[in-house]
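User: Hi! I'm new to this one and would love a quick tour. Could you pull it up so we can chat it through?

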Amino acid sequence: MTTRVMTEPAFFILAALLDAPRHGYGIVGEVAELSEGRVRLKVGTLYGVLDRLVGDGLVELDREEVQQGRLRRYYRLTQAGGWALTAETERQAANAWVASERLRVWRPSLEGGAP
């Protein structure tokens, strides 16, 4: 598996698959909810990211079902995907802590007026 920086869409797709397998539309909705609307996946972006996550072994096909004459593919998180999400969550938390500590020093300088 190649080590890459995890994109925000990939992060939220992995998070969306933590509790249950989901099909594309279900992933799009769950990502929008988890990100409080900040990440809105378009179909092309979703399947591009899913293809990469599958290729990296972080997500796998769970099952396929025909619904109203259309094929739905359900994806699930792999164990490697769970570990990758854990590592990325810890990395982001560490980054946020560093920035928060520096902001604590910087904030008093804002008392003269915000930009």
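Analyst: Happy to! This is a predicted model. Let's start with His23: leaving aside its neighbours within four places in sequence, His23 is in contact with Arg72, Arg73 and Tyr74.

User: Which element is His23 in?

Analyst: His23 has its place in strand E1.

User: And is His23 buried or exposed?

Analyst: Buried. The relative accessibility of His23 is 13%, and the cut-off for buried is under 20%, so His23 counts as buried.

User: Nice. Switching to pockets: how much space lies in the largest pocket?

Analyst: About 350 Å³.

User: Which residues line it?

Analyst: The lining of the largest pocket includes His23, so we meet that residue again, along with Gly24, Tyr25, Tyr47, Gln67, Gln68, Arg70, Leu71, Arg72, Arg73 and Tyr75.

User: Which element gives the most to that lining?

Analyst: Strand E3 does, with five residues. Helix H2 (24–34) and strand E3 (70–77) each supply at least two residues of the lining.

User: What about the lining by class?

Analyst: The lining of the largest pocket has four nonpolar, four polar and three charged residues.

User: Let's look at H2, then. Which of its residues are buried?

Analyst: In H2, the buried residues are Gly24, Ile27, Glu30, Val31 and Ala32.

User: What do those pack against?

Analyst: The buried residues of H2 pack against helix H1 (8–16), strand E1 (22–23), helix H3 (43–55) and E3.

User: Last one: what follows H2?

Analyst: Glu36 follows H2, and the phi of Glu36 is positive, near 55°.

Note on methods
Residues numbered from 1 in each chain as written. Predicted model: local features only at pLDDT ≥ 70, side-chain atom pairs only at ≥ 80, totals over all residues. Heavy atoms only, no water. 1 Å grid on protein atoms, 1.4 Å probe; cavity = no way out; pocket = protein on both sides within 12 Å on 5 of 7 lines; lining within 4 Å. Points joined across faces, edges and corners; volume = space filled by probe spheres on them. Helix = DSSP H or I, 4+ residues; strand = E, 2+ residues; numbered from the N terminus. Nonpolar A, V, L, I, M, F, W, Y, C, P; charged D, E, K, R; others polar. Buried < 20%, exposed > 50% of the residue type's maximum accessible area, 1.4 Å probe, protein only. Contact = heavy atoms within 4.5 Å.
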